[in-house]
Amino acid sequence: MLVIVLENAPPRLRGRLAIWLLEIRAGVYVGDYSAKVREYLWQQVQVGIEDGNAVMVWRTNNEAGFDFTTLGKNRRVPVELDGAKLVSFLPVEETGDSSAV
């Protein structure tokens, strides 16, 4: 199983992924490919993501049963702790807008 989620991605990248994967929701792509094809697809994301961000999750033989990688700016950042891959949240950025809550 392979899942790629895109945010703020250009339409040409979304179209390119839709050739290989099923887009089950806007920006959410699912498929089942080999590691070689997965790496090829991730290269396509790296080249075409521009200012957006992406995460790719795939099934693998570890304790969690999956692994993931991210690309681009996002508050959720992968961190490794005692061999386990977790997600850390970065603090909310100050916008300088006093009306923001």
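Me: At what angle do helix 1 and helix 2 pack?
Reply: This is a predicted model, in which local features need pLDDT of at least 70, side-chain atom pairs count only at pLDDT 80 or more, and totals for chains, interfaces and linings use all residues. Residues are numbered from 1 along each chain as its sequence is written, and side-chain values use heavy atoms, without hydrogens and water. Helix 1 covers residues 11-20 and helix 2 residues 35-48 (helices are DSSP runs of H or I with at least four residues, strands runs of E with at least two). Their axes, lines fitted to C-alpha atoms over the stretch in contact, lie 10 Å apart, and the angle (on a scale from 0 to 180 degrees between N-to-C directions) is about 170°.

Me: Is helix 1 roughly parallel or roughly antiparallel to helix 2?
Reply: The angle between the two helices is about 170°. Angles under 35 degrees count as roughly parallel and those over 145 as roughly antiparallel, so helix 1 is, relative to helix 2, roughly antiparallel.

Me: Which residues of helix 1 make the contact with helix 2?
Reply: Contact means heavy atoms within 4.5 Å. Helix 2 contributes Val37, Tyr40, Leu41, Gln44, Val45 and Gly48. On the side of helix 1, the contact is made by Leu13, Arg16, Leu17 and Trp20.

Me: Which residue in strand 5 is the bridge partner of Trp58?
Reply: Strand 4 (53-59) and strand 5 (66-71) run antiparallel and are joined by six bridges, where DSSP must find at least two for strands to pair. In strand 5, the partner of Trp58 is Asp67.

Me: Which residue in the turn of the hairpin has a positive phi?
Reply: Strand 4 and strand 5 form this hairpin, with six residues between them. In the turn, a positive phi of about 90° belongs to Gly65.

Conventions
Parallel < 35°, antiparallel > 145°, perpendicular 65-115°, else oblique.
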